[in-house]
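Student: Can you take me through this complex, interface by interface? I'd like the cut-offs too.

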Amino acid sequence: MDKGEKKTNRRDFLFTASYTIGAVGVGATIWPFVDQMNPDRSVKALATTEVDISQIEPGKSITVLWRGKPVFIKRRTEAEISEAQSVSLEELKHPEKDEDRVKKSEWLVMLGVCTHLGCVPLSDKGEYNGWFCPCHGSHYDTSGRIRKGPAPVNMEIPKYEFVDNNTIKIG
Amino acid sequence: MFKKILIVTLFIFYSGNSFASDKELLKVDWSFKGVTGKFDRSSLQRGYQVYKEVCSSCHSMRLLSYRNLGEKGGPEFSITEVKNIASSFEVTDGPDSQGEMFTRPGRPSDRFVSMYPNVEAATAANGGAYPPDMSVLVKSRKGGANYIYSVLMGYDDPPQDLKLDEGVYYNKYMDGNKIKMAKPLMEGIVTYSDGTNATEEQMAKDVTAFLTWAAEPHLEARHKMGFKVIIFLIILTLLVYFSMKRIWSRIDTEV
Amino acid sequence: MSDHTYTPSSKFGKWFNDRLPLLSLSAHLREYPTPKNLNYWWTFGGILTFCLVAQIVTGVVLGMHYVAHVDMAFDSIEHIMRDVNYGWLLRYIHSNGASMFFLAVYIHIFRALFYGSYKSPREVIWIIGMLIYILMMATAFMGYVLPWGQMSFWGATVITNLFSAVPFIGESITTWLWGGYSVDNPTLTRFFSLHYLFPFIILGLVILHIWALHVPGNNNPVGIEIKKPSKDTVPFHPYITIKDLFALLIFLIIFSGFIFFSPNILGHPDNYIQANPIVTPTHIVPEWYLLPFYAILRSVPDKLGGVILLFASIFILLALPWLDRSKVKSAIFRPIYKQFFWILIIDVLVLGYMGAMPAEGTYLLIARVGTIYYFLHFLVILPLLSSVEKTDPVPANISEPVLKG
């Protein structure tokens, strides 16, 4: 019957509308509980770190803590730079040109975390004059690229910039 | 009959439950009061100036960070202004690789620098009275913003019969009428960078507004969300109400 | 649990239900015959369940950021308020949620008192309910200590000191509670652990509470036992679920009013001052929902006497089904009892107000009168009424009062 149909439609609409609005409410309520686990404002405020590099001699490096992880900042010698630049891409497990990994060729800024399982590689060790990870034997060259061993990719280059000649801002 | 007594009891219960002899506080029509309350940015910025130039010599605000001054809902200084403010302070950091502590210019992520290294030093330097940290001061006093404002404006000559010790001052609104802080705000003690006339009343209002924000930095977001939530709930309640009526109409007799 | 011959519609449903009858349980809950004359005072059970879940959920996420150490507790809560995403919201929901939880539980309890829901055969439901209430008070008390404000510290000191009133072993009990020689870090850390634990015990008791209820079925405003299922009952879903939802939404509107527009009005400003063992606040007061008991405690000049009376005032409620033996359940048909019910409410409100006042002068006098009256109500008036009250005639069935107009 026509009247009965109309009644059903109105009732259905009312219930459908209630369910929908209710679901929206439930979804909106869940978000704060999920988001509170995301990094809070004090953590995000420490997302960048400025480093004074004026005291680093050529051939030496420092390690700074950034977002809880070590960052190697190495002032490379001419020999180390040319060594890095002369490697052909075919030799690399993870092909990357040295020029693409540095902003100024004298300065190598990279995350000191082995891309295999996360240990911190030792500097000035290994068969490629770069870093050696003692955990499972990965060797990195003077550009921080994986040359031998189980690590799959080169050590990560974080976002950074030169604030001035003596200061690098990481993150 | 007893329902009437109940209502009267509730009325007595709610109307004026203070037993201390507190004088009626000075009331200000704060911009942040009420359900639609918002902070006045320029007032907050001036208030910060008053805090920095007058209050911070004794009062810490150790729960605040310089970056808070640039965050939404507060004084909303620009990012450059925040960096400049932060770097104008020397912050203790360390230990360095030699094991020594050192100082460096502040960064936005640093907490507000305190005048004193700890509560004991602050107490000793102020005649045995600890100048309270002001991070949540407004929430920790009955009367809130009105109370802070009243105390700032409440200095007066003591009545004839009241003898005050050295370093103790008379205040109309302080509990017990005695306070160990000398009147902090004198006309012109601060030259506002935005050119506003620095009268006592103006400075008291601005610094109180600033302290209120410091205690409740999310006040505006809270009000905004509150509006949306309650409107949403009212709509949903109406929908559910009509659904309920519709469902219950299926029974012939509603009891 | 009554046996339903419920058959799940899907094959997987059947397979699973044979091994763990969750689908049968769900069907039972949906079909559960509920008196059709329940009024809105009956919606508070559902509201309370919501409150418990809300407190647990907000509590667990707050626990991801709170630090239970005397040097860091206060700061960690300010960290939550300022830096944690939506931290201010979660904190205010939790703190105001505790107040809403108690508001609902008091309405729920007074509903039971008015309609005789504690009477046979529902005595065990009542006793479990009282145990839930006692655990709620313990949980709330410990939770209030965690922010480590002045009221946290001094409230903890006052209440834990009560145990030293116990003869011979009192001091040892108090030292044992403290884990030291005063309220300090060991006290705080164990309060955090127990505050996290108790709500789950409450949850278990709530399940028993509802299970026990489902045996006789709900009481109703007229207080007469009805056959279920019958023309006097409706299936719980959708009739009661939708009504409970409506009531819950109204409750949430009030709850939101507090959270978003007056989040600190039910609290005490002194708790925004860090705990200081050397400075005692001028007036130590617990949160509003504990005030009547605080007034009773302070009515007695003797320390042990006050403690005994305090515990007695709660435990006396456990004995209620045996103190009030009137066969008529609902106060609608008990005109004398109804008056005393309202007087009791006024008495409890007056005691609550006195609990917030200093325990001296007229305030103390009124608190003492209120305390004596409280015990008089349960120990003298109720038993007396059981024998002498002339109750009104109770209808034969629940439809009758309506048809009569």
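Tutor: What follows covers the chain contacts, the cavities and a few backbone features.

Tutor: This is a predicted model, in which local features need pLDDT of at least 70 and side-chain atom pairs count only at pLDDT 80 or more, while totals for chains, interfaces and linings use all residues. Residues are numbered from 1 along each chain as its sequence is written, chains are lettered from A and ligands numbered from 1 in the order in which they are written, and side-chain values use heavy atoms, with hydrogens and water left out.

Student: Start with B and C. How many residues does the contact take from each chain?

Tutor: Chain B gives 50 residues and chain C gives 52 residues, where contact means heavy atoms within 4.5 Å.

Student: And what area is buried between chain B and chain C?

Tutor: About 4600 Å², with 75% from carbon and sulfur atoms. Buried area is the accessible area (1.4 Å probe) that two parts lose on being put together, summed over both.

Student: How many salt bridges and polar contacts are there between chain B and chain C?

Tutor: Two salt bridges are counted between chain B and chain C, a salt bridge being a side-chain nitrogen of Lys or Arg within 4 Å of a carboxyl oxygen of Asp or Glu. C:Asp83 forms a salt bridge with B:Arg67, and their closest N and O atoms are 3.0 Å apart. There are also twelve residue pairs in polar contact between these chains, both residues at pLDDT 80 or more. A polar contact is a pair of N or O atoms within 3.5 Å; within protein, one must be able to donate a hydrogen and the other to accept it, and residues adjacent in sequence count only if both atoms are side-chain atoms.

Student: Which helices of chain B supply at least two residues of the side that touches chain C?

Tutor: Helix H1 (2–14), helix H6 (200–215) and H7 of chain B each do so. H7(B) has the largest share, 18 residues. Helices here are DSSP runs (H or I, at least four residues), strands are runs of E with at least two, and both are numbered from the N terminus.

Student: What about residue classes on that side of chain B?

Tutor: The side of chain B that touches chain C has 29 nonpolar, eleven polar and ten charged residues. Ala, Val, Leu, Ile, Met, Phe, Trp, Tyr, Cys and Pro count as nonpolar, Asp, Glu, Lys and Arg as charged, and the others, Gly among them, as polar.

Student: Now A and B. What do chain B and chain A bury?

Tutor: About 1300 Å², 65% of it on carbon and sulfur atoms. In this interface 13 residues of chain B are in contact with 15 residues of chain A.

Student: Which residues form a salt bridge there?

Tutor: A:Arg41 and B:Glu71, with the closest N and O atoms 3.2 Å apart. The count between chain B and chain A is one salt bridge, and the search of the whole structure finds 32 over all chains.

Student: Why does that pair join two chains?

Tutor: A:Arg41 lies in helix H2 (residues 41–45) of chain A and B:Glu71 in the loop between helix H2 (41–55) and helix H3 (79–87) of chain B, so the pair joins two chains.

Student: Switching topic: how many cavities of 30 Å³ or more are there?

Tutor: Five. On a 1 Å grid over the protein atoms alone, a cavity is a set of points where a 1.4 Å probe fits but cannot get out, and lining residues have an atom within 4 Å of a point. Grid points are joined across faces, edges and corners, and a volume is the space filled by probe spheres set on the points.

Student: What volume does the largest cavity have, and what lines it?

Tutor: Its volume is about 70 Å³. The lining includes B:His218, B:Arg222, C:Glu78 and C:Trp88. H4(C) gives the most, with three residues.

Student: Where are the cis peptide bonds?

Tutor: One joins B:Gly94 and B:Pro95, with omega about 5 degrees. Another runs from C:Lys228 to C:Pro229, with omega near -10 degrees.

Conventions: 1 Å grid on protein atoms, 1.4 Å probe; cavity = no way out; pocket = protein on both sides within 12 Å on 5 of 7 lines; lining within 4 Å.
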